[in-house]
Amino acid sequence: MNRKSEPDVFIVADNVLSPLGNGTKENFAQLKKGVSAVRLHKNNEISDHAFSASIFNDNQDIYTVSDRYTKFEQLLIASVEEAIAGREINIRDKKTVLIISSTKGNISLLEREKNSPELRQRIALSTSARLVGEHFGFQNTPVIVSNACISGVLAIITGMRLLREGRFDQAVICGADVVCRFVVSGFQSFQALSGERCKPFDKLRDGLNLGEGAATIVLSVNKKHKGKAKVKGGSVSNDANHISGPSRTGNELAFAVNRAMTDAKVQPAEIGFVSAHGTATPYNDEMEAKAIALSGLSDTPVNSLKGYYGHTLGAAGLIESVISIESLRQGVILPSLGYHQHGVSSDINICSSVVDLETNNFVKTASGFGGCNAAAVFGK
């Protein structure tokens, strides 16, 4: 398709479902107050040692469907239901696609069930996608995006591209992950977890917190939505550096950011803020800061939401994009919770307090194991 003829991709509905609350508005209100969902947990089913994470309370009303579905699937269903409630979104239209983002899905089933062909089938992301699709009545086979920690942002970029190409008119994009022993033990083996609430970009940062949650974004090319926020561009890249360690230069993430801005037809000066991946691990924050500087965004306000939500893995890019879209709507940039003393070599502008700023565009970045990087531009 000729680039000039590509349609605008509008954001027509969204939702965040997290330990901070149900719905985008409720979550954003909590964030503006500086409330974090990260707590110290002592749960022997998940870890033999205490760990800091953002986890749903047992009494939080998030499960709206039968126990036929796992916790992971119920999170997806609950988030989609909240996003589309009361809106004219034709789920059963053949031109509507469901895209599901996750890194681990139902991996927790391995912890309590005997290995068998049936378990391997049940644990497959394709099984979860089919069940969620059937629950709502989607007519097309769901698209699954699972590419480490860029999965959420990559799912949005995938939806944007499918709509631009004319293959679909609407995309319902949802992502979720849950905290379980498999995930916690994996990050513990890397010595990547902080014992307290994480501190993105801070000099004393010592690791990440894990989190669970779900988010949904609904995209459409229907011109009746003109005036709503848009996904303007996106790009992906790979460091080809190390299976778990990011690039030392930041050039590869910067490549994705610059390509995303070119795709969106915006200049660095037109970017109002950067919603960073900001895991609070020493190497990721350093690499990302270098990439932001290399992209011409040194003076642009930067925040990380990991201090509020922890790292929600396959949901992170979606949760953080939805919250940042709400920031765009309200003209408020949230601070990077836990940041007090500059701890990266590049002189970038980390937000340490709420900033009232009217802007038309922001960049969302993400990076993950295997050297993957993604960047998307959103705007009015």
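In this predicted model, the buried residues of helix α5 are S151, G152, V153, L154, A155, I156, I157, G159, M160, L162, L163 and R164. That makes twelve of the 14 residues, so α5 is largely enclosed by the rest of the structure. The helix runs over residues 151–164, and its length works out neatly: at 1.5 Å a residue it should span 20 Å, and its end C-alpha atoms are indeed 20 Å apart. Just past the end of α5, G166 takes a positive phi of about 80 degrees.

Three of the α5 residues turn up again in the surroundings of I173, which touches A155, I156 and G159. I173 itself sits in strand β7, made up of residues 170–177. With a relative accessible area of 0%, I173 is under the 20% cut-off and so counts as buried. Leaving aside residues up to four places away in sequence, the other contacts of I173 are I99, A215, T216, I217, L219 and L318. As for V145, it is 28 residues from I173 in sequence, while the two C-alpha atoms are 9.9 Å apart in space.

Over in helix α8, which covers residues 282–294, the residue to look at is A291. A291 is likewise buried, because its relative accessibility is 0%. Again setting aside residues up to four places away in sequence, A291 touches G250, L253 and A254. S247 lies 44 residues from A291 along the chain, and a distance of 9.8 Å separates their C-alpha atoms.

Notes: Residues are numbered from 1 along each chain as its sequence is written. This is a predicted model: local features need pLDDT of at least 70, side-chain atom pairs count only at pLDDT 80 or more; totals for chains, interfaces and linings use all residues. Side-chain values use heavy atoms; hydrogens and water are left out. Helices (H or I, at least four residues) and strands (E, at least two) are DSSP runs, numbered from the N terminus. Buried means under 20% relative accessible area, exposed over 50%, partly exposed in between (1.4 Å probe, protein chains only). Contact means heavy atoms within 4.5 Å. The expected span of a helix is 1.5 Å times one less than its number of residues.
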